[in-house]
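Dear colleague,

Please find the structure below, handed over for your records and further study. My findings follow directly after it.

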Amino acid sequence: MILVTGGAGFIGANFVLDWLAAVGEPVVNLDALTYAGNLRSLAPLQGDARHVFVQGDITDRPLLDRLLAQHRPRAVVHFAAESHVDRSIHGPAAFVRTNVEGTFTLLEAARAHWGALPAGEKQAFRFHHVSTDEVYGSLNATEPAFTESHPFAPNSPYSASKAAADHLVRAWHHTYGLPVLTTNCSNNYGPLHFPEKLIPLMIVNALSGRPLPVYGDGMNVRDWLYVGDHCAAIREVLARGHIGETYNIGGCNEMPNIEIVRAVCALLDELRPDPAGSYARLITYVTDRPGHDRRYAIDARKIERELGWRPAETFATGIRKTVRWYLDHPDWVADVQSGAYRDWVSANYAAR
Ligand SMILES: NC(=O)c1ccc[n+]([C@@H]2O[C@H](COP(=O)([O-])OP(=O)(O)OC[C@H]3O[C@@H](n4cnc5c(N)ncnc54)[C@H](O)[C@@H]3O)[C@@H](O)[C@H]2O)c1
């Protein structure tokens, strides 16, 4: 059995579903169910004895100790985090609490658990920390992509808190020998993505005829990876990654935000045409995010070279699957667009 944290969020839920389909090994899924956690994403697992859901916080050490003692997982896969840069600008405290203190608490609980395991289980145990390319900071248009040895230069409260967590994970390996693995991944997109992030926000706004807010000049560049490819990469690293190493994961797919938005509009024009005209008419440029990183690019050659992983989806195939999924799941979208979601969207965009 493995212990997954944050498995009711976007990537975590995709991972748990993917893991149970591909590997079948039972999962204890610990998630605090913040605004970003959604049990509806895990509905296909209802009645599946291989999935044990526990609502709880990664800063709760007694709970972590109880779960580890009861389930004796052979690995921890750590997704739980506050993950939205804009929210980290409005309220950084939650990011330090969950991403730094939460990761610290989980590391300490995992260290105590691992230290008491019999030799064979101790050797097999892994702590997999899921992190982001944002820890490396921002690139200009011509700089080479981030490798695993690129210096950390986080610029937002979100990326600073993730960088701090990455450092703790590294130190727990070097100081205590905890068998850790870290992956730093680029921007994910795909099903079950909370509609505060760019792609799902554009899809749900377009479908309800609302403006499509694009920050600044729309030329901020990100590398985009289909979430299913991220899940597959984590499976590979967990199975065969070298202890103490970090692996960059990316889609080899750098695109400016405005192109992403245009691609979403073009697919919606094809799949759900609006009699009022192309969805692109709704694109609205708004005041940029403070300190908005200009460009991220990932050099993912290490994971390809060492573990043979590379993305299965191109952006064209992945974005088509994604748009199709949102069109096919209006109930999921309606469910996550609760009052709290609407309040946040108006707080973030009203003054822009
Ligand atoms: N989304 C991306 O593009 C991306 C890219 C690279 C890395 N990551 C990393 O992947 C991980 C998952 O990202 P996501 O986009 O799925 O995030 P998300 O915000 O969709 O989900 C986070 C989950 O963690 C849970 N959570 C938050 N605080 C918690 C706490 N204190 N205790 C227990 N659970 C808690 C939430 O309820 C939610 O279910 C994060 O660590 C993030 O930094 C994300």
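The shell around the ligand is made up of 13 nonpolar, twelve polar and three charged residues. Please note that this is a predicted model. In total, 28 residues surround the ligand, and the closest of them are Ile-11, Asp-31, Ser-83, Tyr-158 and Lys-162.

Polar contacts to the ligand

Lys-162 places a polar side-chain atom 2.6 Å from an oxygen atom of the ligand. Two contacts involve the backbone: an N or O atom of the Thr-34 backbone lies 3.0 Å from a ligand oxygen, and a polar backbone atom of Leu-33 is 3.4 Å from an oxygen atom of the ligand. Taken alone, the ligand exposes 830 Å², of which the protein buries 97%.

Elements that build the shell

Four elements each supply at least two residues of the shell around the ligand: helix H1 (10–22), strand S5 (126–132), helix H6 (157–176) and strand S7 (187–189). The largest share, three residues, comes from S5, and for that reason I looked at this strand in some detail.

Strand S5 and its partners

S5 is largely enclosed by the rest of the structure, because seven of its seven residues are buried. Arg-126, His-128, Val-130 and Thr-132 point one way from the strand, while Phe-127, His-129 and Ser-131 point the other way; all are buried.

S5 has a parallel pairing with strand S4 (residues 75–78), formed over four bridges. Here His-129 of S5 stands opposite His-78. S5 also pairs in the parallel sense with strand S6 (residues 180–185), over six bridges. In that pairing, the bridge partner of His-128 is Leu-181 in S6. Helix H6, which contributes to the ligand shell, also belongs with S5 and S6 to a right-handed β-α-β unit.

Helix H7

A further element that may interest you is helix H7 (residues 198–207), which is mostly covered, with eight of its ten residues buried. These buried residues are Ile-199, Pro-200, Leu-201, Met-202, Ile-203, Val-204, Asn-205 and Ala-206. After H7 comes Gly-209, which has a positive phi near 70 degrees.

In short, S5 supplies the largest share of the ligand shell and pairs in the parallel sense with S4 and with S6, while the protein buries 97% of the area that the ligand exposes when taken alone.

With kind regards

Conventions
Residues numbered from 1 in each chain as written. Predicted model: local features only at pLDDT ≥ 70, side-chain atom pairs only at ≥ 80, totals over all residues. Heavy atoms only, no water. Near = heavy atom within 4 Å. Polar contact = N/O pair within 3.5 Å; in protein donor to acceptor, adjacent residues only side chain to side chain. Areas by Shrake-Rupley, 256 points an atom, 1.4 Å probe, with all protein chains shown as cover. Nonpolar A, V, L, I, M, F, W, Y, C, P; charged D, E, K, R; others polar. Buried < 20%, exposed > 50% of the residue type's maximum accessible area, 1.4 Å probe, protein only. Pairing = 2+ DSSP bridges. Right-handed = clockwise from strand over helix to strand, strands pointing away.
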